[in-house]
Amino acid sequence: MKTGTITFHAPNNNGSFLQAYALQNVLESQLHIDNEIIDFYSEQQARQYSVFRKPHSAGDIGRNLVSLLHYKGLEKRHQRFDDIRKKYLKLTKRCTVSDEVYDVVSKYDTVICGSDQIWNTEARDYSDVYFMTGTKKRKISYAASFGSHVESINKQKVKNNISDFSSIAVREEAGKNLLNDVLPEKEVSVVCDPTLLLDKSFYDKLISTSYNIKEPYIFLYTINYNEEILNVAQELSQKLKMPVYAAFTGYSCVKCKKYGIKVLYDVAPSEFLWLVEHATYTCSNSFHGIVFSIIFEKQFCRPTKVDESGNFVKDDRIDGILTQVGLDDRIVTNDGKCVDIIKQPINYKMAKPKLDKIRKNAIEYLKIALLG
C-alpha cells in the first residue's frame, strides 16, 4: 500500500517536525506501510516563517529588527530545520499550490490527513488542501486538530470537507464533539499525537550535542511568552537558583529579557530534544513541550492562569493529555506554589501503563483504518 500524508511538517516549528517524523516512523517501521509526506509549503507559510519578512505593518518592521539583531542564530535555526527535514523525512517534490498537491496524490492508495492543527480554519496558513478536498482518493485522518479554540471553527466548511472520509480520528475530545455535532452519522475516534507513539529511544538519534551547558538549568518552552509563564519561570529561577533557557519559537520572545531569561535563537528539533533531555526541570505551556517532558520523564510544570471563578484556564490539547496520563497535578499559577509542585517527584511508573494503553489504541486505529 502506498500512502501519502498531508500535515504541518514544513514550518520551522519543533512540534510540527517531530509529529511528522513520528507518524512516518510508525507507519513504515511498525505497520510496514509505504509512506511519503506531501511536501506542501504554501506561500503564506513561507512568509510566516521566513527570517525576514517584506514589511506590511509596524509589526513586520519590529520583527525584522529582531531578526537583524539575532540573524546568525535565526539563520542557523532555519538551516538546521532544512537539514533535519531532508535527512529524516521521506518527502515528495515541493508543492506550493493545491494543484501541485493533487498531482502528487494521484499515485497513492490512501491519503492520511494529520496530525497537528491542520483543520484549524482560523489559522493564518489554513488551506482546504489539509482536508484533501480536491481528490477522490480514499482518505483517513489521524490526530487532526482544530486547535485550542474549537468554538471559532467554521463548522460548515468542516462539514463540507469531511463527509467523504472513510475513517476519522482527531487529537482532542473537543474535536470529536465538534464533528459529532456537524456530522452525527460519522464515527469519530480520539487518538494521541504521533509523538506519543514513540518512546525516548526512537528520538535519541535526532539529539544534537551542539550545546555545552554544564550548570543545572530550567528549560522554558512556550509559543506565546505570556505573562503567566514568564512570571512562573522567573520565580522558579530565583527560588531554585538556576538559570532559565528558552528556545526561540516566535518574536514575542523579546519579553524574556525583562524576566532574566536567556533565549537561544538557533534551536531546531535536535537542539530542542537536547535541551529537554539535559534540563533539571522543564516549564511549558506548549503541547509538545509537555509531551516531550513526559516522554523524557522530566520534572515539569504547566503554567496557566485562573478564571474569575478561581479555576484553572484549561487547554483541551495540553490538559487533555495530562489528565489521560494522570499528571494534571502539574498545573501551576503564579501563586508561590510552583516551586513545590515542580520539585514534587513524578511517579512515571504509574503514568507509563496509561501511556502504553493510549499508544495501543492509536496503533489499533491505524491498523483498522489502513489495513482493514
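In this predicted model, helix H12 gives the second largest pocket the largest share of its lining, five residues. The pocket has a volume of about 280 Å³. Its lining counts 18 residues, and the closest to the pocket centre are Arg 171, Glu 172, Glu 173, Val 190 and Gln 324. Besides H12, the elements that give two or more residues to this lining are helix H7 (173-182) and helix H14.

Helix H12 itself is a good place to continue the tour. This helix spans residues 316-324, and its buried residues are Arg 317, Ile 318, Asp 319, Ile 321 and Leu 322. These buried residues pack against four elements: helix H11 (287-295), strand S11 (300-303), strand S12 (331-332) and helix H14 (348-371). H14 is thus a packing partner of H12 and also a contributor to the pocket lining. At the start of H12, a side-chain oxygen of Asp 315 reaches to within 2.8 Å of the backbone nitrogen of Arg 317. After the helix comes Gly 326, with a positive phi near 75 degrees.

Helix H11, one of the partners of H12, has nine of its nine residues buried, so it is largely enclosed by the rest of the structure. Phe 287, His 288, Gly 289, Ile 290 and Val 291 are buried, and the buried run continues with Phe 292, Ser 293, Ile 294 and Ile 295. Just after H11, Glu 297 takes a positive phi of about 55 degrees.

The strands S11 and S12 lead on to a wider arrangement. Both belong to an open sheet of six strands, ordered S9-S8-S7-S10-S11-S12, with parallel pairing. S9 and S12 are the edge strands, each pairing on one side only. Within this sheet, strand S7 (residues 218-221) and S8 pair in the parallel sense over three bridges, and Ile 218 has Val 244 as its bridge partner in S8. The chain travels from S7 to S8 by way of helix H9 (residues 227-240), in a right-handed β-α-β crossover. Strand S8 also pairs with strand S9 (residues 262-264), again in the parallel sense and over three bridges. Here the partner of Tyr 245 is Lys 262 in S9. The side chains of S8 (residues 244-247) are split between two directions: Val 244 and Ala 246 point one way, Tyr 245 and Ala 247 the other way, and all are buried.

Another parallel pair lies at the beginning of the chain. Strand S1 is joined by four bridges to strand S2 (residues 34-37), and the two run parallel. Gly 4 stands opposite Glu 36 in S2. The connection from S1 to S2 passes through helix H1 (residues 14-30), and this β-α-β crossover is right-handed.

Met 1 sits in the segment before strand S1 (2-6). This residue is partly exposed, with a relative accessible area of 42%. Although Met 1 and Asn 35 are 34 residues apart along the chain, their C-alpha atoms are separated by 8.5 Å. Leaving aside neighbours within four places in sequence, Met 1 is in contact with Ile 33, Asp 34, Asp 109, Thr 110 and Leu 370.

A last residue to visit is Asn 120, found in the loop between strand S3 (110-113) and strand S4 (138-141). Asn 120 has a relative accessible area of 13% and is therefore buried, the cut-off being under 20%. The side chain of Asn 120 makes a polar contact of 3.2 Å with that of Gln 117. Beyond its neighbours within four places in sequence, Asn 120 is in contact with Tyr 126, Ser 145, Phe 146, Gly 147 and Ile 153.

Key:
Residues are numbered from 1 along each chain as its sequence is written. This is a predicted model: local features need pLDDT of at least 70, side-chain atom pairs count only at pLDDT 80 or more; totals for chains, interfaces and linings use all residues. Side-chain values use heavy atoms; hydrogens and water are left out. Buried means under 20% relative accessible area, exposed over 50%, partly exposed in between (1.4 Å probe, protein chains only). Contact means heavy atoms within 4.5 Å. A polar contact is a pair of N or O atoms within 3.5 Å; within protein, one must be able to donate a hydrogen and the other to accept it, and residues adjacent in sequence count only if both atoms are side-chain atoms. Two strands pair if DSSP finds at least two bridges between them. A crossover is right-handed if, with the strands pointing away from the viewer, the path from the first strand over the helix to the second runs clockwise. On a 1 Å grid over the protein atoms alone, a cavity is a set of points where a 1.4 Å probe fits but cannot get out, and a pocket is an open set with protein on both sides within 12 Å along at least five of seven lines; lining residues have an atom within 4 Å of a point. Grid points are joined across faces, edges and corners, and a volume is the space filled by probe spheres set on the points.
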